[in-house]
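Visitor: I should like to learn how to read the features of a structural model. Might we work through one together?

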Amino acid sequence: MIGIKAPSRKSDIRSSIRRRIPMRIEAPTPMQDETTTTRPTSPYEALGGAPVFRAVCERFYDLMESEPEFARLRAMHADDLAPMRGALASFLGGWAGGPREWFESNPGRCMFSVHGSLAIDRDTADQWADAMERAIAETDIANRALADQLAERLTSMARGMAKQAA
Ligand code: HEM
């Protein structure tokens, strides 16, 4: 069983975002291939790899563009969402144990430097979390239990990014 370990406290989420710690994998029982050699499988692979991460992000930005309930979140983004569609898929894939392209092409960039100047409040963090939860629920992912863990981990991370009102 492959597990995505959700941080237990808000401070853990913040520190994990600050330190750019990738999606944690709880020591999985290695999956076996036909030759019975064992090989640990990342959440990225177990979820379906690049096509699944791409589909989730396409759906996420489609929802953001079309649903009035995500209007405030949409307004925070650039007019053209095309670059973000690819960038988020690449970031999430690397974070889940897949190719590290986003991290290699963005040296020194982290969740804090990307979002530090944005006024993320409770409402916009909830909008991000809700859109992502729906995108993952609506994407065809065979390992539903792992997909649910992915949604839980990302929505908790997004909610942890809301800045407290002064
Ligand atoms: C909490 C609510 C969130 C809001 C309101 C938000 C909003 C934004 C906005 C407006 C940008 C574009 C910034 C720019 O143009 O420079 C951005 C970029 C980005 N966001 Fe978020 N975000 C949120 C949460 C998250 C989460 C939870 C993740 C990943 C787990 C994430 C991953 C990214 C990445 C990787 C980029 C940069 C993509 C790139 O330019 O290469 N965001 N976000």
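The dialogue below takes up the chain, its helix packing, one residue and the ligand shell.

Visitor: Where should one begin, and how many helices and strands does the protein chain have?

Guide: Begin with the status of the model, which here is a predicted one. The protein chain contains 9 helices together with 4 strands. Read from the N terminus, its elements follow the order β-α-β-β-β-α-α-α-α-α-α-α-α.

Visitor: What share of the residues counts as buried?

Guide: Of the 166 residues in the protein chain, 27% count as buried. Contacts offer a second view of the fold. Among those in the protein chain with a separation of 6 or more, 70% join residues 24 or more positions apart.

Visitor: By what is a pair of packed helices described?

Guide: Two packed helices are described by the angle between their axes and by the distance between those axes. Take helix α3 (residues 50-66) and helix α8 (residues 122-138): they pack at an angle of about 130°, and their axes are 8 Å apart. Angles over 145 degrees would count as roughly antiparallel and those from 65 to 115 as roughly perpendicular. The angle therefore makes α3 oblique to α8. The crossing in which α3 passes α8 is right-handed.

Visitor: Which residues of α3 and α8 meet?

Guide: From α3 come Val56, Arg59, Phe60, Leu63 and Met64, which meet Ala131, Met132, Arg134, Ala135, Ile136 and Glu138 of α8. Sorted by class, this contact of α3 with α8 has 8 nonpolar, no polar and 3 charged residues.

Visitor: How does α3 pack with helix α5, oblique or roughly parallel?

Guide: The axes of α3 and helix α5 (residues 82-95) come within 9 Å and cross at roughly 135°. Because of that angle, α3 is oblique to α5. Here, too, handedness can be read: α3 passes α5 in a right-handed crossing. On the α3 side the contact involves Ala50, Phe53, Arg54, Cys57, Glu58 and Tyr61, and on the α5 side Met84, Arg85, Leu88, Ala89, Leu92 and Gly93. The residues of this contact of α3 with α5 comprise 8 nonpolar, 1 polar and 3 charged.

Visitor: At what angle do the axes of α8 and α9 cross?

Guide: Those axes cross at roughly 170° and come within 8 Å. The angle is over 145 degrees, which means that α8 is roughly antiparallel to α9. Ala125, Asp126, Trp128, Ala129, Met132, Glu133 and Ile136 of α8 make the contact with Ala147, Leu150, Ala151, Leu154, Thr155, Ala158 and Arg159 of α9. By class, the contact of α8 with α9 has 10 nonpolar, 1 polar and 3 charged residues.

Visitor: How is a single residue read; for instance, is alanine 71 buried or exposed?

Guide: One counts the C-beta neighbours around the residue. Alanine 71 counts as exposed because 11 C-beta neighbours lie inside 10 Å, and a residue with 12 or fewer is exposed. Alanine 71 is placed in helix α4. Between alanine 71 and threonine 124 there are 9.2 Å in space, C-alpha to C-alpha, although the two are 53 residues apart in sequence.

Visitor: Which residues surrounding the ligand are the closest?

Guide: The closest are Ala87, Phe91, Ala125, Trp128 and Ala158, within a shell of 19 residues around the ligand. The elements giving two or more residues to this shell are α4 (71-76), α5, α7 (111-115), α8 and α9 (144-160). With 4 residues, α5 gives the most. By class, the shell around the ligand has 16 nonpolar, 3 polar and no charged residues.

Key: Residues numbered from 1 in each chain as written. Predicted model: local features only at pLDDT ≥ 70, side-chain atom pairs only at ≥ 80, totals over all residues. Axes fitted to C-alpha atoms, helices over the stretch in contact; angles between N-to-C directions. Parallel < 35°, antiparallel > 145°, perpendicular 65-115°, else oblique. Left-handed = near helix turned anticlockwise from the far one by under 90°. Contact = placed C-beta atoms within 7 Å. Nonpolar A, V, L, I, M, F, W, Y, C, P; charged D, E, K, R; others polar. Near = placed C-beta within 6 Å. Buried ≥ 20, exposed ≤ 12 C-beta atoms within 10 Å, placed from the backbone.
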